[in-house]
Amino acid sequence: MKDTAQINKYPNSEGFTLENKISISELNQFKKFINAQWYERINQINPEVASEIDKKDIQIDNYHKISKRLKHEEIWSKSNRILPFEFVNWFKTSEFASSLKSKYGEFTVSDEDNLGWPNIYWRLVRPGYSEDVGPLHRDSWFWQLNDKFPKPNYSFSRLKVWIPIFTERGSNGLLVEPYSHNRKDIEWYGESRHGIKKPTLITTPDKFNLVLLNTELGDSVVFNDNLIHGGAINKGLKCRVSVEFTMLIKEK
């Protein structure tokens, strides 16, 4: 397909912003829930590995040291990385959610997986594993391809939120092409993979001017639904962990 992306007013001319900060105390709440879900999943699949995690006090950022003993691609499907309803209840009352609301307006978080609660999910990217990062894409393409994604019964616009949990500045993180939400020359097509329709780029990577965002603890990236973005291969020494979700913002 040739792109017919609409220009969205959010969040600024570059198509992304790092202006929305999250406190360290609330960031620790994200870490707490992620670590619990990570450990419980491993314990469910391989109690022996979970026992080693306990004995050696292995944290999620050092997961790569034990990952070869697990079937990584099988156990970490998206459905196993969506944070539970209990987390969502906390998130709704957080200062970070309140700050997003005050800046962008009333919003809900999307539920693409039809779980019945907002899909706030995390990613785990091991050092040197190219298969752990997502390809370049626009989030809007998923919504074009999957008309059964639940939607509110009012007019809305979409913004994506990406939060670094464990990152190494300059070695891993989020790739974006500034201003790419305005481009009309990007070609792609959709195909069914893993039970969902997903986009695949035709335009080659050399046609993009990508930037690795230098995020730090307490940062978050809010970006346009049409911004070209993707994961960077982790060149750090530890695992990259990040959180993301889509805001469905009520139009006034």
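Residues are called buried when their relative accessible area is under 20% and exposed when it is over 50%. The model described here is predicted, and these terms are applied to it throughout.

In helix H5, which comprises residues 95–104, the residues Phe96, Ala97, Leu100 and Tyr104 are buried. These four residues cover an arc of only 100° around the axis and are therefore placed on the same side of H5. An α-helix has 3.6 residues a turn, so residues three or four places apart point the same way. On the other side of H5, by contrast, Glu95 and Ser102 are exposed. The helix is followed by Gly105, whose phi is positive, near 105°.

Helix H1 is formed by residues 24–45, and its axis comes within 5 Å of that of helix H2, formed by residues 47–56, with a crossing angle of roughly 135°. The two helices H1 and H2 are therefore oblique to each other. On the H1 side, the contact involves Trp38, Tyr39, Ile42, Asn43 and Ile45, which meet Pro47, Val49, Ala50, Ile53 and Asp54 in H2. By residue class, this contact of H1 with H2 is made up of eight nonpolar residues, one polar residue and one charged residue. The length of H1 was also examined: at 1.5 Å a residue, its 22 residues should span 32 Å, and the end C-alpha atoms are 31 Å apart, which agrees. Buried residues in H1 are Glu26, Leu27, Phe30, Lys31, Phe33, Ile34, Gln37, Trp38, Arg41 and Ile42.

Several of these H1 residues recur in the surroundings of a loop residue, Leu83, which touches Phe33, Ile34 and Gln37. Leu83 lies in the loop between helix H3 (72–75) and helix H4 (85–92), and, at 0% relative accessibility, Leu83 counts as buried. Among the other residues that Leu83 touches, leaving aside those up to four places away in sequence, are Trp117, Ile120, Tyr121 and Trp122. Although Leu83 and Ile120 are 37 residues apart along the chain, their C-alpha atoms are separated by 5.7 Å.

A second loop residue, Ser155, is located between helix H6 (139–145) and strand S4 (156–166). Ser155 is exposed, with a relative accessible area of 53%, whereas Leu83 is buried. When residues up to four places away in sequence are not counted, Ser155 touches Ile249, Lys250 and Glu251. Of these partners, Glu251 is 96 residues from Ser155 in sequence, yet the C-alpha to C-alpha distance between Ser155 and Glu251 is 5.6 Å.

Methods. Residues are numbered from 1 along each chain as its sequence is written. This is a predicted model: local features need pLDDT of at least 70, side-chain atom pairs count only at pLDDT 80 or more; totals for chains, interfaces and linings use all residues. Side-chain values use heavy atoms; hydrogens and water are left out. Axes are lines fitted to C-alpha atoms, for helices over the stretch in contact, and angles run from 0 to 180 degrees between N-to-C directions. Angles under 35 degrees count as roughly parallel, over 145 as roughly antiparallel, 65 to 115 as roughly perpendicular and the rest as oblique. Contact means heavy atoms within 4.5 Å. Ala, Val, Leu, Ile, Met, Phe, Trp, Tyr, Cys and Pro count as nonpolar, Asp, Glu, Lys and Arg as charged, and the others, Gly among them, as polar. The expected span of a helix is 1.5 Å times one less than its number of residues. Buried means under 20% relative accessible area, exposed over 50%, partly exposed in between (1.4 Å probe, protein chains only). The arc is that of the directions from the helix axis to the C-beta atoms.
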